[in-house]
Amino acid sequence: MQHVAPLARPRESIFAVLASAARRLSYGDLAMIAAASGAVALAAAALGQASWMLLSACYVVWCFAGWGILFHTSTPRTARWRVFQWTIVGSASVVAIILGVGLFFWALGPRWVL
């Protein structure tokens, strides 16, 4: 018996790994993730503590859960449906990249210089 975590195949992209993770979760789990993400964003905004990093992280998590709810089955859909799917994935990817760059500069602290 091997005690090794399952690894993604080398040809799989991060999108395929996230899609398979979303498909493994139930609709209830995905709905709870989306609701919790929205609640955190709403609470932070209501308290006046909503930084762009927190809100963007909540958006990425919400997109993951929303994508999992809308596209849970792997049956082929129409071209319009695929465009909608890639719109969600694309917007979440752009926000995740911006968030990563922001976290990088935040970790560097106030002394970084371009």
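## Ser37 and its neighbours

Start with Ser37: setting aside residues within four places in sequence, Ser37 is in contact with Cys58, Tyr59, Val61 and Trp62. This is a predicted model, so keep that in mind throughout. Ser37 itself is found in helix 2.

Is Ser37 buried or exposed? With a relative accessible area of 7%, Ser37 is buried, because anything under 20% falls in that class.

## How helix 2 meets helix 3

Now zoom out to the helix pair. Two packed helices are described by the angle between their axes and the distance between the axes. Here, helix 2 (residues 27-46) packs against helix 3 (residues 52-70) at an angle of about 160 degrees, and the two axes sit 9 Å apart. An angle over 145 degrees counts as roughly antiparallel, so that is the label for helix 2 and helix 3. As for handedness, their crossing is left-handed.

Who does the touching? On the helix 2 side, the contact is made by Tyr27, Leu30, Ala31, Ile33, Ala34, Ser37, Val40, Ala41 and Ala44. Helix 3 answers with Leu54, Leu55, Cys58, Tyr59, Val61, Trp62, Phe64, Ala65, Gly68 and Ile69. Sorted by class, this contact has 17 nonpolar residues, two polar ones and no charged ones.

## Gly68

Gly68 lies in helix 3 and is among the residues that helix 3 brings to the contact with helix 2. Its relative accessibility is 0%, so Gly68 counts as buried.

Which residues does Gly68 touch, not counting those up to four places away in sequence? They are Ala22 and Leu30. Leu30 belongs to the helix 2 side of the helix pair, while Ala22 is part of the largest nonpolar core. There is also a long-range pairing to note: Gly68 and Arg23 are 45 residues apart in sequence, yet their C-alpha atoms are 6.2 Å apart in space.

## The largest nonpolar core

The largest nonpolar core has eight residues in all: Ala19, Ala22, Cys63, Trp67, Phe71, Ile88, Val89 and Ala92. Helix 1 (14-24), helix 3 and helix 4 (79-108) each supply at least two of these residues. Which helix gives the largest share of this core? That is helix 4, with three residues.

Phe71, one of the core residues, is worth a click in the viewer. Not counting residues up to four places away in sequence, Phe71 touches Arg23, Trp81, Phe84, Gln85 and Ile88. Of these, Ile88 is also listed in the core, and Arg23 is the residue paired with Gly68 at 6.2 Å, C-alpha to C-alpha.

How values were computed
Residues numbered from 1 in each chain as written. Predicted model: local features only at pLDDT ≥ 70, side-chain atom pairs only at ≥ 80, totals over all residues. Heavy atoms only, no water. Axes fitted to C-alpha atoms, helices over the stretch in contact; angles between N-to-C directions. Helix = DSSP H or I, 4+ residues; strand = E, 2+ residues; numbered from the N terminus. Parallel < 35°, antiparallel > 145°, perpendicular 65-115°, else oblique. Left-handed = near helix turned anticlockwise from the far one by under 90°. Contact = heavy atoms within 4.5 Å. Nonpolar A, V, L, I, M, F, W, Y, C, P; charged D, E, K, R; others polar. Core = buried A, V, L, I, M, F, W, Y, C linked by side-chain atoms within 4.5 Å. Buried < 20%, exposed > 50% of the residue type's maximum accessible area, 1.4 Å probe, protein only.
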